[in-house]
Amino acid sequence: MKMPRGGRLFLATCLGSLFVLVLYFQSITKPEAGLKAVTRPGKSRTSPLQTLYNGDQQLELLAAHKSLQGRRELLEQACLSHTRKRRVLSPEDLKHLIVDDMHGLIYCYVPKVACTNWKRVLMVLTSDGRYTDPLAIPANEAHVAGNLRTLSEFSVAEINQRLRSYLKFIFVREPFERLVSAYRNKFTRRYNTAFHKRYGTKIIRRHRPNAKPEALEKGDDVTFPEFVQYLVDPRTQREEPFNEHWERVHSLCHPCLIHYDVVGKYETLEPDAQAVLRLAGVEGTLQFPTSGKTTRTDGHMAARYFKHISPFYQKKLFNLYRMDFMLFNYSTPEYLRT
């Protein structure tokens, strides 16, 4: 079997059949020669991937491209420096990669990094006119399974073709700010009873001595130190994978196995989102929703939460999320006392 140019061939047995996946391990820098443009009914145009890598970009796109290229290069170097073993991706690993066939896009969604708004945008892009305004789509509808297709739903040949020819993008966030945001959303909001029952009761039972019966039943008053203890407890991941809201980005999106053309950041969300929409050719017709949150989780808020975490647990937690810090070029927070 001939290996594709610029890629590595991996084989794995999956679901009783041979699962073959061509992975672009930080190796593709330009689209393959002869790559076809993304086609839509009655229309043929340059694909977002071609737009990113060709030499005829507009000046404003070139400026954005320079920043995005720097992030790609830093990610590539971090992958080469800090990853030793390469493993094979399975369909389960591709469930966070949302596919837009109409515009040639693959987006790996990361909870607590504007993923609700990105899903809304992709619902507009893939709806063929059924949706026009992202903010008119209820948040809960954006997360309904089946509203958007994921890469795991395609055949091996279709997966390989899309990984080669589509623009792959991801948005990331400072790991501890994302973690505090997840805690605040899932454990301090009274309406999140499903999380309280599913995770809160377990956390309290395991990490709160002499817990009251009501707390053990409801699980709705988990403290941040208890949440941290739960995360670093070796039993937690032995029993089941992390929930996606606090799972590490490198475990959700596999950035050292899948080559992401655009690495956007929550800290520069608006210009980075605009760059993606410009590459997709929809900047003039679609705007990324701006956040209306007044209590957004930032570094100052994260520092207040970590003030109550002992140096011992701070160090254990940083080691748990260390790879995300390194891969996406985030500095060790100054408030840590490790």
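Is Phe 325 buried or exposed, and what is its relative accessible area? The close-ups below start there and then move to other parts of this predicted model.

**View 1. Phe 325 in helix H14.**
The opening question has a simple reply: Phe 325 is buried, with a relative accessible area of 2%. Because the cut-off for a buried residue is under 20% relative accessible area, a value of 2% puts Phe 325 in the buried class. Its helix, H14, covers residues 311-327. Setting aside neighbours within four places in sequence, you will find Phe 325 in contact with Glu 174, Pro 175, Phe 176, Phe 318, Tyr 330, Ser 331 and Pro 333. For a distance to try in your viewer, take Val 249: 76 residues separate it from Phe 325 in sequence, and the two C-alpha atoms are 9.9 Å apart in space.

**View 2. Lys 186, a buried lysine in helix H6 without a salt bridge.**
Helix H6 spans residues 175-187 and includes Lys 186. This lysine is buried, yet it has no salt bridge. Which side chain of opposite charge is nearest to Lys 186, and how far away is it? Glu 244 is that side chain, at 7.5 Å. Since a salt bridge needs a side-chain nitrogen within 4 Å of a carboxyl oxygen, Glu 244 at 7.5 Å does not make one with Lys 186. Not counting residues up to four places away in sequence, Lys 186 touches Asn 192, Phe 195, His 196, His 245 and Trp 246.

**View 3. Strand E8 and its two faces.**
Strand E8 takes in residues 167-172, and 6 of its 6 residues are buried. Leu 167, Phe 169 and Phe 171 point one way from the strand. Lys 168, Ile 170 and Val 172 point the other way, and these residues are buried too.

**View 4. The parallel partners of E8.**
Strand E6, residues 105-108, runs parallel to E8 and is joined to it by 4 bridges. Here Cys 108 stands opposite Ile 170. Strand E9, residues 262-265, also pairs with E8 in the parallel sense, over 4 bridges. In that pairing, Val 262 of E9 is the bridge partner of Phe 169.

**View 5. Stepping back to the chain.**
To place the close-ups, zoom out: the chain has 14 helices and 9 strands. Buried residues account for 53% of its 338 residues. Of the contacts between residues at least 6 apart in sequence, 68% join residues at least 24 apart. The chain exposes about 16800 Å², with carbon and sulfur atoms supplying 51% of that area.

Methods
Residues are numbered from 1 along each chain as its sequence is written. This is a predicted model: local features need pLDDT of at least 70, side-chain atom pairs count only at pLDDT 80 or more; totals for chains, interfaces and linings use all residues. Side-chain values use heavy atoms; hydrogens and water are left out. Buried means under 20% relative accessible area, exposed over 50%, partly exposed in between (1.4 Å probe, protein chains only). Contact means heavy atoms within 4.5 Å. Accessible areas come from the Shrake-Rupley method with a 1.4 Å probe; for residues, only the protein chains shown count as cover. Two strands pair if DSSP finds at least two bridges between them. Lys and Arg count as positive and Asp and Glu as negative; His and the chain ends are not counted.
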